[in-house]
There are 2 protein chains.
Amino acid sequence: MTPPRADASANRDRILAAARAEIAINAEAKLNAIAQRAGVGQGTLYRHFPTRAHLLAEVYRTDVDELVEAATTLLATHEPVTALARWFDRVADYAQVKRDVMAAVESATWADLSAHSHGPIGDAVTRLLQAGQFAGTIRPDADARDVIILITYLSRLDAEEFADRARHLLAIVLDGLRTPHR
Amino acid sequence: MTPPRADASANRDRILAAARAEIAINAEAKLNAIAQRAGVGQGTLYRHFPTRAHLLAEVYRTDVDELVEAATTLLATHEPVTALARWFDRVADYAQVKRDVMAAVESATWADLSAHSHGPIGDAVTRLLQAGQFAGTIRPDADARDVIILITYLSRLDAEEFADRARHLLAIVLDGLRTPHR
DNA sequence: CGGGTAAGCGGACACCTGTCCGCAAAGACG
DNA sequence: CGTCTTTGCGGACAGGTGTCCGCTTACCCG
């Protein structure tokens with residue numbers, strides 16, 4: 001864990017800036033183009049962000065943080081299940097505007113998973129679920145990973161289908177997460 | 001809609017045979033290798049099956065048909081919700097053994113969707129849902145496409161996670177599809 | 001059976017993602 | 001300030017998917 005070299009972190013920043021700029025123009029920018037714009041080689045880009053998703057995760061980090069924070073706020077002001085429902089709405093909002101946020105979320109949690117942690121998003125979801133489980137309104141056997149898996153379909157819907165179905169699907173998932181009453 | 005040329009359909013068959021053979025050895029065979037084994041060019045393969053998924057859909061057609069048939073059988077012998085639950089089990093079985101069956105299912109329904117039909121799988125799911133909706137046990141606003149979307153995550157779980165979570169996730173989805181009781 | 005035409009062939013090619021490795025230069029240390 | 005180590009650079013390359021287009025050949029028709 002030695003501190004990073006000066007040029008390395010400078011490059012990292014330049015890559016992120018270039019990625020943000022490039023993605024603003026075209027959501028599915030080629031990694032080549034980003035590297036070129038940042039004035040670094042391909043290898044450099046890939047060393048800093050081993051996969052496209054890692055890069056996205058960092059680019060959208062602010063948005064991801066906002067989602068995490070929203071979970072806390074919602075929990076403070078609503079019943080757990082309602083908080084979860086609202087949080088889903090929030091997720092849908094993000095996913096609609098920038099489809100890639102979902103990919104970022106997914107990749108963020110994935111990356112963290114192998115490190116035996118859930119990562120910030122996972123923790124947020126865990127808090128939401130546990131509150132509901134404590135109140136008895138969320139099924140006890142559901143965990144954050146379940147939720148992440150079930151909502152990542154959002155990133156694969158095209159714009160039209162998203163508009164038609166996203167919230168509806170989230171409602172189904174939400175009902176599935178409630179405590180079975182029968 | 002002119003009938004296909006003789007060599008064309010012969011090639012189609014050869015490609016399918018080659019694909020089956022190649023996939024039996026290695027589930028993620030390169031399309032190149034399949035084309036080569038079939039003795040046709042890349043272009044030919046891609047013309048017949050524009051994408052990997054289309055090819056898989058055809059390769060696993062028998063399995064897909066079996067799933068479709070299972071829906072009918074289950075409906076005849078069980079309550080609708082139970083039938084759906086059992087059918088989910090069946091899907092999980094297939095998905096576990098051959099991960100690609102799910103991709104095939106997905107692509108099959110996708111391809112059919114653009115043709116404004118649901119395709120065989122979609123129809124099977126529709127029958128299951130409608131029976132439950134008629135009985136009042138499945139939420140009236142759920143349709144086949146919802147189910148397809150929600151269960152295609154199965155194809156993206158790795159073997160370990162599949163074993164841990166697949167059925168559990170299907171149970172959550174199933175509960176979400178029940179009529180909300182509150 | 002011979003000629004015309006369009007369907008179909010097949011492989012070269014474009015394009016992306018991700019890897020590898022020889023080289024440069026950053027920073028520690030005397 | 002010089003030298004050594006070691007981090008980091010960058011671009012060539014491998015490997016894969018899907019496209020394109022000039023040539024072939026099956027099939028219709030006279």
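The legends below describe close-up views of a predicted model.

**View 1. Residues around DNA strand D.** The protein places 22 residues around DNA strand D, and those that come nearest are A:Arg5, A:Asn11, A:Arg47, B:Ala6 and B:Lys30. Of the strand D atoms that come within 4 Å of the protein, 64% belong to sugar and phosphate. By class, the residues of this surface are 6 nonpolar, 9 polar and 7 charged.

**View 2. Polar side-chain atoms beside the backbone of DNA strand D.** In chain A, a polar side-chain atom of A:Arg47 lies 2.5 Å from a phosphate oxygen of the strand. In chain B, the side chain of B:Lys30 has an N or O atom 2.6 Å from a phosphate oxygen of DNA strand D. The side chain of B:Arg5 has an N or O atom 3.4 Å from a sugar or linking oxygen of the strand.

**View 3. Helices that form the surface near DNA strand D.** Both chains contribute helices that each supply at least two residues. From chain A these are helix 1 (6-25) and helix 3 (42-48). From chain B they are helix 1 (6-25), helix 2 (31-38) and helix 3 (42-48). Helix 3 of chain A gives the most, with 5 residues.

**View 4. The largest cavity and its lining.** The whole structure holds 5 cavities of 30 Å³ or more, and the largest has a volume of about 50 Å³. Chain A lines this largest cavity with A:Ile149, A:Thr152, A:Tyr153 and A:Arg156. Chain B lines it with B:Ile149, B:Leu150, B:Thr152, B:Tyr153 and B:Arg156. The lining comprises 5 nonpolar, 2 polar and 2 charged residues.

Definitions and conventions
Residues numbered from 1 in each chain as written. Chains lettered and ligands numbered in written order. Predicted model: local features only at pLDDT ≥ 70, side-chain atom pairs only at ≥ 80, totals over all residues. Heavy atoms only, no water. Near = heavy atom within 4 Å. Polar contact = N/O pair within 3.5 Å; in protein donor to acceptor, adjacent residues only side chain to side chain. Helix = DSSP H or I, 4+ residues; strand = E, 2+ residues; numbered from the N terminus. Nonpolar A, V, L, I, M, F, W, Y, C, P; charged D, E, K, R; others polar. 1 Å grid on protein atoms, 1.4 Å probe; cavity = no way out; pocket = protein on both sides within 12 Å on 5 of 7 lines; lining within 4 Å. Points joined across faces, edges and corners; volume = space filled by probe spheres on them.
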